[in-house]
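Welcome, and please have the sequence and the 3D view open side by side. The report below walks through a few places worth a visit.

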Amino acid sequence: DLESHLRRCQQLSVTVLTDHQDLNNTELKTILNSMAPQQYRIRAKLRTYKPQKLYQSIKLHCSKCNSLQEVPDGDDFDFILQGSAVTAPNPELHNTSWYDSVMWTTQDQKQRKIAIHFVKHDEMLQQPEDTLLMIEGGTLKEVWKLTKRFKCVIPVRSTEDDLELLDLSAPFLLQGNIKYYGCKQCSTPKPIKSLSSVAAEQRPSWEPTEIAQVLGIEPLQYVFIMKFTLVDGTGALNAYLFDY
């Protein structure tokens, strides 16, 4: 794996890190005193790399404002879901022209009220693998159960007038085991009824980019970032890896 490979690179006295066979080797000192951009071939040792744990290399990037942020963990999402469950689903928002609603009360001590809204197409429910649904009052475990069966799941809460997205610290969409996040700075969330325009399409595909667009969300992309410090006896150079 990559972590053990990086450790081996550190142990080797010299590591060839580029593949420009037509170029002569250039000392790091020369590169540090040169103006960018240039193309060089170097022979250097990998002194350190960050982050030390590979999973910490995954970040969320906004291409609009160029911000980077940590990927929230499951506990953060669970906390937001618990907070939204305090407000009971508004029955007046159930069973509209473009979604069917089911509501029940859990049998545990908390007796939570859960509502699931199944989006219709041509006034019919689609097959589960093609269905987008919205859930109110569910726990993290219940949300993940739904993602295994249905194509798209959007966690929502009730207002007086419409359903709305949760805090953008939570994913605005879950598809399979992927959580899609929006940029807090660049997004202007719209009411959930904006999705009715996608439901009215001839063949709604429920693509995350299209869902984000109609909901006023600037989507964040998962990126892989690492920092390497290279040395060759003449100087130290920081190299950054950034990839989608």
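What covers the buried residues of helix 3 includes helix 4 (140-149), strand 9 (152-158), strand 11 (173-175) and strand 12 (178-180). Please keep in mind that this is a predicted model.

**Helix 3 and its two sides**

Let us stay with this helix for a moment. Helix 3 spans residues 74-84, and its buried residues are Phe-77, Ile-80, Leu-81 and Ser-84. Looking down the axis of helix 3, you will find these buried residues within an arc of 100°, so they line one face of the helix. On the face turned away from that buried side, helix 3 carries the exposed residues Asp-75 and Phe-79.

Now move to the start of the helix. Which residue caps the N-terminal end of helix 3? The cap is Asp-73, which has a side-chain oxygen 3.1 Å from the backbone nitrogen of Asp-75. The side chain of Asp-73 also reaches the backbone nitrogen of Asp-76, at 3.0 Å. Asp-73 sits in the loop between strand 4 (68-70) and helix 3. With a relative accessible area of 40%, Asp-73 is partly exposed, since residues between the buried limit of 20% and the exposed limit of 50% are classed that way. For a longer view across the model, the C-alpha atoms of Asp-73 and Pro-208 are 20 Å apart, with their positions 135 residues apart along the chain.

**A nonpolar patch on the surface**

Strand 12, which is among the elements covering the buried residues of helix 3, also contains Ile-178. Together with Ile-58 and Tyr-222, Ile-178 makes a nonpolar surface patch of about 220 Å². Ile-178 has a relative accessibility of 37% and counts as partly exposed.

**Backbone points to check**

Four spots in loops deserve a look at their backbone angles, and the table gathers them.

| Site | Backbone feature | Place |
|---|---|---|
| Ala-36 to Pro-37 | cis peptide bond, omega near -5° | Pro-37: loop between helix 2 (28-32) and strand 2 (43-50) |
| Lys-50 to Pro-51 | cis peptide bond, omega about -5° | Pro-51: loop between strand 2 and strand 3 (58-61) |
| Asn-95 | positive phi, near 55° | loop between helix 3 and strand 5 (99-105) |
| Trp-206 | positive phi, near 55° | loop between helix 5 (196-199) and helix 6 (208-214) |

Asn-95 and Trp-206 each have this positive phi as a residue other than glycine. Are they buried or exposed to some degree? Asn-95 is partly exposed, with a relative accessible area of 49%, whereas Trp-206 counts as buried at 0%.

**A buried alanine in strand 6**

Finally, find Ala-115 in strand 6, which covers residues 113-121. Ala-115 is buried, and its relative accessible area is 0%. Which residues does Ala-115 touch, not counting those up to four places away in sequence? Its contacts are Pro-89, His-94, Val-102, Met-103, Met-134, Ile-135 and Glu-136. The C-alpha atom of Ala-115 is also separated by 9.0 Å from that of Ala-88, a residue 27 places away along the chain.

Note on methods:
Residues are numbered from 1 along each chain as its sequence is written. This is a predicted model: local features need pLDDT of at least 70, side-chain atom pairs count only at pLDDT 80 or more; totals for chains, interfaces and linings use all residues. Side-chain values use heavy atoms; hydrogens and water are left out. Buried means under 20% relative accessible area, exposed over 50%, partly exposed in between (1.4 Å probe, protein chains only). Helices (H or I, at least four residues) and strands (E, at least two) are DSSP runs, numbered from the N terminus. The arc is that of the directions from the helix axis to the C-beta atoms. Contact means heavy atoms within 4.5 Å. A polar contact is a pair of N or O atoms within 3.5 Å; within protein, one must be able to donate a hydrogen and the other to accept it, and residues adjacent in sequence count only if both atoms are side-chain atoms. Patches are made of residues with over 30% relative accessible area and no salt bridge: like charges are joined within 9 Å, nonpolar side chains (Val, Leu, Ile, Met, Phe, Trp, Tyr) within 5 Å. Accessible areas come from the Shrake-Rupley method with a 1.4 Å probe; for residues, only the protein chains shown count as cover. A salt bridge is a side-chain nitrogen of Lys or Arg within 4 Å of a carboxyl oxygen of Asp or Glu.
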